[in-house]
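Welcome! Please take a moment to look over the sequence and the model below, and then we can walk through some of the details together.

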Amino acid sequence: MQNAAQQGKTFAIVSYITLIGTLIAFFMNREDRNPFVSFHVRQALGLGLTWYILGYFVGGFDSWMISISFWVFFMALFIYGIAGAATGKENEVPLLGPFYQKVFSSIGN
């Protein structure tokens, strides 16, 4: 597992950089099927989609306090995911990580 983490660290980090980065990491991982990269692609995809969906509704509140809280929460989750990828760990993001792994379980298998 440690070898897979070392080999896939770059793509795992890239997967957290916008949804385009997630797609790049997903397609680059299709040939070798690195389980470490697949794990982080599932986490990043879930975070990205949740961010866009909830962001649509948060934008309707027209409140700086709600918007800043939303941004801080999701930036903390993205930083947590990037830190896990950079250190070679498969840490699920708090609150939503297990859900993302279950929903996107077909990715990387």
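Helices here are DSSP runs of H or I with at least four residues, numbered from the N terminus. In that sense T18 is found in helix 2. Please keep in mind that this is a predicted model.

**Helix 1 meets helix 2**

Let us begin with T18, which is not a glycine and yet has a positive phi of about 60°. Helix 2 covers residues 18–28, and T22 has its place there too. Is T22 buried or exposed? With a relative accessible area of 3%, T22 is buried, because buried means under 20%. Leaving out residues up to four places away in sequence, T22 touches V14, S15, I17, V41, A44 and L45.

One of those partners, V14, lies in helix 1, which runs over residues 2–14. V14 has a relative accessible area of 24%, so V14 counts as partly exposed. Which residues does V14 touch, not counting those up to four places away in sequence? They are G21, T22 and I24. You can also find the C-alpha atoms of V14 and A25 separated by 6.4 Å, although these two residues are 11 apart along the chain.

**Two helices and their spans**

Now turn to helix 3 and helix 4. The table puts their values side by side.

| Helix | Residues | Number of residues | Span between end C-alpha atoms | Expected span |
|---|---|---|---|---|
| Helix 3 | 35–59 | 25 residues | 36 Å | 36 Å |
| Helix 4 | 64–87 | 24 residues | 34 Å | 34 Å |

For helix 4, the expected value comes from counting 1.5 Å a residue, and the distance between its end C-alpha atoms agrees with it. Helix 3 is likewise close to what is expected at 1.5 Å a residue.

**Along helix 3**

What caps the N-terminal end of helix 3? The cap is N34, with a side-chain oxygen that lies 2.9 Å from the backbone nitrogen of F36.

Further along, Q43 lies in helix 3. Q43 counts as buried because its relative accessibility is 0%. The side chain of Q43 reaches the backbone nitrogen of V93 at 2.9 Å. If we set aside neighbours within four places in sequence, Q43 is in contact with Y16, N91, E92, V93, G97, Y100 and Q101.

F57 is also found in helix 3. At 53% relative accessibility F57 counts as exposed, because the exposed class begins over 50%. Together with L49, I53 and Y56, F57 makes a nonpolar surface patch of about 470 Å². Here is a handy piece of background: an α-helix has 3.6 residues a turn, so residues three or four places apart point the same way.

**The loop and helix 4**

Where does D62 lie? D62 is in the loop between helix 3 and helix 4. Its relative accessible area is 74%, so D62 is exposed. Phi of D62 is near 55°, a positive value in a residue other than glycine.

After the loop, which residues of helix 4 are buried? They are F70, F74, L77, F78, G81, G84 and A85. Helix 4 is then followed by G88, whose phi is positive, near 80°.

Conventions: Residues numbered from 1 in each chain as written. Predicted model: local features only at pLDDT ≥ 70, side-chain atom pairs only at ≥ 80, totals over all residues. Heavy atoms only, no water. Helix = DSSP H or I, 4+ residues; strand = E, 2+ residues; numbered from the N terminus. Expected span 1.5 Å × (residues − 1). Polar contact = N/O pair within 3.5 Å; in protein donor to acceptor, adjacent residues only side chain to side chain. Patch = residues over 30% accessible without salt bridge, like charges linked within 9 Å, V, L, I, M, F, W, Y side chains within 5 Å. Areas by Shrake-Rupley, 256 points an atom, 1.4 Å probe, with all protein chains shown as cover. Salt bridge = Lys/Arg side-chain N within 4 Å of Asp/Glu carboxyl O. Buried < 20%, exposed > 50% of the residue type's maximum accessible area, 1.4 Å probe, protein only. Contact = heavy atoms within 4.5 Å.
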